[in-house]
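Biologist: I should be grateful for a close look at a single part of this model. Please explain it in terms that a first-year student can follow.

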Amino acid sequence: RWQKIFMIPLWSKMAVFWNKMFLTIIVLLIILFLDAVREVRKYSSVHVNEKAANVNSSAFDHIQMKLFRSQRNLYLSGFSLFLWLVLRRTITLLTQLAKEMTSHAALETQVNDATEAAKKYMAENERLQETLSRKGSGKKKESTEATQEKLKEEVEHLKEELQKTS
């Protein structure tokens, strides 16, 4: 299913700008995270100073409210940054998996074709060897019979020469 999704033409057009868009969003999230860290530090230090000075309760509540908002922004930007990186990694892995599945399917068909061709060639090789062995055994019988006849003729010829010389 992912392979079909990643093969959509819109996705391939978007992939060209994907890295730029990803880096832009990462930079934006980092800036928001650093700003939230700065705000938390700012209102945390003010909180200690104001508490020591015993300022009226509405000012103290206002500082607590700003501290809460800055902490909330810190958590939101931190988790957003983390989840954006996780999302990027997941998409990268899914893309690689889809490509590997495609190449795996292609290699599997190649292996099956090669196996079928090898079986066909092995069967043909066995048939050729059988026909050669049949012809070879027939020729061997003929050749052994021919050599035996030649040897018999030679033995007879040598016997005749021996009789002549004796």
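The part chosen is helix α3, together with what is found along it.

Modeller: The model is a predicted one, and helix α3 covers residues 57–165. Let us begin with the pocket. The largest pocket has a volume of about 300 Å³, and its lining is made up of 14 residues. Two elements, α2 and α3, each give two or more residues to that lining. The greatest share comes from α3, which supplies seven residues. Those nearest the centre of the pocket are W11, A15, I91, T95 and K99. Rolling a probe the size of a water molecule over the atoms is what shows where such empty space is left.

We turn next to the surface. F82 has its place in helix α3, and F82 belongs to a nonpolar surface patch whose other members are Y75, F79, L83 and V86. Together these residues have about 560 Å² of accessible area. A patch of another kind is negative and is formed on the surface by E145, E149, E153, E156, E160 and E161. One of these residues, E156, likewise lies in helix α3.

Finally, consider helix α2, the other element named for the pocket lining, which spans residues 9–53. In α2, R38 and D35 are three residues apart, about one turn of the helix. Their side chains meet in a salt bridge, with 2.8 Å from N to O. The structure as a whole holds two salt bridges.

Terms used:
Residues are numbered from 1 along each chain as its sequence is written. This is a predicted model: local features need pLDDT of at least 70, side-chain atom pairs count only at pLDDT 80 or more; totals for chains, interfaces and linings use all residues. Side-chain values use heavy atoms; hydrogens and water are left out. Patches are made of residues with over 30% relative accessible area and no salt bridge: like charges are joined within 9 Å, nonpolar side chains (Val, Leu, Ile, Met, Phe, Trp, Tyr) within 5 Å. Accessible areas come from the Shrake-Rupley method with a 1.4 Å probe; for residues, only the protein chains shown count as cover. A salt bridge is a side-chain nitrogen of Lys or Arg within 4 Å of a carboxyl oxygen of Asp or Glu. Lys and Arg count as positive and Asp and Glu as negative; His and the chain ends are not counted. The place of a charge is taken as NZ of Lys, CZ of Arg, CG of Asp or CD of Glu. Helices (H or I, at least four residues) and strands (E, at least two) are DSSP runs, numbered from the N terminus. On a 1 Å grid over the protein atoms alone, a cavity is a set of points where a 1.4 Å probe fits but cannot get out, and a pocket is an open set with protein on both sides within 12 Å along at least five of seven lines; lining residues have an atom within 4 Å of a point. Grid points are joined across faces, edges and corners, and a volume is the space filled by probe spheres set on the points.
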